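Me: I am new to reading protein models, and I would like to go through one slowly with you. Could we take the features one by one, starting from a single side chain and moving outwards?

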Amino acid sequence: MAPLCYDPDSLDELEVALPSSPLITLSSNAYLQPPLTRRGTGPGMIAFLPPSSAYEPNIENTLDPEPVQKWAEEGFAVVGVTSGEGWSIEEALTKGVESLLSLEELDTRDKFAVYVYDPNAVTEVLFQIQQVNDTRLSCIVAIGNPEKLPPVPTYLHLPPTADYPRIANAISHRFTKSPYFLLPQSAEYVPGEATLAHSRVLGFLRKILGGPVFDIEAIWEEHTYFEFEVRSVAKTMGTMVAEPYVNHVPTMTGGVGRKALSAFYRDHFIFANPADATMIPVSRTVGSDRVVDEFIFKLTHDRVVDWLLPGVPPTGKRLEIPMMGVINIRGDRLYHEHIWWDQATALFQAGILASHVPYPTPEGQKKLRLPVSGAESARMLINEMDGKSNVMLGSDWGIRTLESVSS
């Protein structure tokens, strides 16, 4: 039987160790980060990074890690090279491959990716790739609009005014402003664009390198199993990256960062759900790094459910709420959950949202029937034949006289 409250002495609450593999210094401007996944192995990447002097620092907090850690959490072994004294670009390409091949954690030894984050180094990197002529450098991701591309699959982050290259082996998308939009340490970081670009590049790299590929649907199901069936904070957090977050969008509940999210799960979520809480699946879409779930969340509102109806005393009502979760998975662990639902139907089903509200008109005070549905919206989502469309477009809805409402 799942526990009803948090027990710090339970074996299920023993801390789950995060994947850990220390950086290996290669030169004064280069280092190697082995994969930071539970699997622990993956293909190799050489990432050319701009010096910190190239951009204004970001003084705002963000959970998005810098590129080398992010790709290591995706399952790559990464050589990070910063422009400056130390290895030259040519040495980075040759010695970087040698360093990757020395890793036991490297599981793909005949293909390597090159990612150029430094817009000022793109031309020289592309030139040196052709000079080195190592066929194992099998794909390139770069920021900028170079005049000439090497004959390998290439993904370009193009400046806003650049023309799309008409080259068979090149994929490209424009960024809207700054070439440093991908760097969370830069003041010009753009979270939405960076997220979309990362997902696109991840799909591109997997096609060329053959990995790393994880069963992200199984990872999501493992996470919910520990949340709802085992009811373990430690094991739930053990399925997540070093700094994850959860956002229940309608109520803005959840937690940002490992410490805050652990406390939220412990105090306001895992043990706050009613005993009969259950999720009924409706549909699931699986992408390169996201799972999008439609489901019905059913429960009896027999306690204060902090994340769903915070501060609302138990009403004893049976609730059936359509929900959607957008789950981002980095490597073989969760990064974030965005959970959405119609808060109006939750309040309406709980009996604390009126069906009609006062509405002033030139003819005097009237009532407005709110366009809100109850559990019937959940039933029609599960079975499109179990309900009737456009009922709210009828004459019984909208502005009503007080007499018609009372009658």
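Reply: Let us begin with one pair of side chains in this predicted model: the side chain of H268 makes a polar contact with the side chain of D306, at 2.8 Å.

Me: Where does H268 lie, and which residues does H268 touch, not counting residues up to four places away in sequence?

Reply: H268 lies in helix α7, and, when residues up to four places away in sequence are not counted, it touches A263, D306 and W307. The chain also brings V305 to this place, since the C-alpha atoms of H268 and V305 are separated by 7.7 Å although the two residues are 37 apart along the chain.

Me: Is H268 buried, partly exposed or exposed?

Reply: The idea is to compare the relative accessible area with two limits, under 20% for buried and over 50% for exposed. H268 has a relative accessibility of 35%, and therefore it counts as partly exposed.

Me: W307 was one of the residues touched by H268, so let me ask about cores: which residues of the largest nonpolar core touch the most other members?

Reply: The general idea is that in soluble globular proteins nonpolar side chains tend to be buried together. Here the largest nonpolar core has 34 residues, and Y265, W307, L308 and M323 are those that touch the most other members. Several elements, namely α5, α6 (233-237), β9, α7, β12 (290-300), β13 and β14, each supply at least two residues of this core, and β13 gives the most, with five residues. Apart from this core lies another, of 32 residues, among them V79, L100, I129 and L156.

Me: Which residues is L308 in contact with, leaving aside its neighbours within four places in sequence?

Reply: With those neighbours left aside, L308 is in contact with T251, L299, L319, I321, M323, W341 and Q343.

Me: Many of the names so far are strands; in what order do the six strands of the open sheet stand?

Reply: To read a sheet, one follows the strands from neighbour to neighbour, and here the order is β10-β9-β14-β13-β12-β11, with mixed pairing. β10 and β11 stand at the edges with a single partner strand each, so one side of each is left without a neighbour in the sheet. From one strand to the next, the twist averages 20 degrees.

Me: Which pairs of strands run parallel, and which run antiparallel?

Reply: Take β9 as the example, for strand β9 (residues 240-248) runs parallel to strand β14 (residues 333-341), with five bridges joining them, whereas β9 and strand β10 (residues 253-256) pair in the antiparallel sense over four bridges. N247 shows both pairings, as N247 stands opposite H338 in β14 and has G254 as its bridge partner in β10. Between β9 and β10 the hairpin has four residues, and M252 in this hairpin takes a positive phi near 55 degrees. At another place in the sheet, β11 and β12 run antiparallel and are joined by eight bridges, with T285 standing opposite V292 in β12.

Me: How should I think about the side chains along a strand?

Reply: In a regular strand the side chains alternate between the two faces of the sheet.

Me: How many salt bridges does a search of the whole structure find?

Reply: The search finds 14 salt bridges, and a useful habit is to ask of each one where its two partners come from. E222 forms a salt bridge with R38, the closest N and O atoms being 3.1 Å apart. This pair links distant parts of the chain, with E222 in helix α5 (residues 216-230) and R38 in the loop between β2 (30-33) and β3 (44-49), 184 residues apart. E222 is partly exposed at a relative accessible area of 26%, and R38 is partly exposed at 37%.

Me: Are R330 and E73, which also meet in a salt bridge, buried or exposed?

Reply: Both R330 and E73 are buried, and their side chains meet with 2.7 Å from N to O. R330, E73, D64 and K70 are linked in a network of salt bridges.

Conventions. Residues are numbered from 1 along each chain as its sequence is written. This is a predicted model: local features need pLDDT of at least 70, side-chain atom pairs count only at pLDDT 80 or more; totals for chains, interfaces and linings use all residues. Side-chain values use heavy atoms; hydrogens and water are left out. Two strands pair if DSSP finds at least two bridges between them. A salt bridge is a side-chain nitrogen of Lys or Arg within 4 Å of a carboxyl oxygen of Asp or Glu. Buried means under 20% relative accessible area, exposed over 50%, partly exposed in between (1.4 Å probe, protein chains only). Contact means heavy atoms within 4.5 Å. A polar contact is a pair of N or O atoms within 3.5 Å; within protein, one must be able to donate a hydrogen and the other to accept it, and residues adjacent in sequence count only if both atoms are side-chain atoms. A nonpolar core is a set of buried Ala, Val, Leu, Ile, Met, Phe, Trp, Tyr and Cys residues joined through side-chain atoms within 4.5 Å. Axes are lines fitted to C-alpha atoms, for helices over the stretch in contact, and angles run from 0 to 180 degrees between N-to-C directions.
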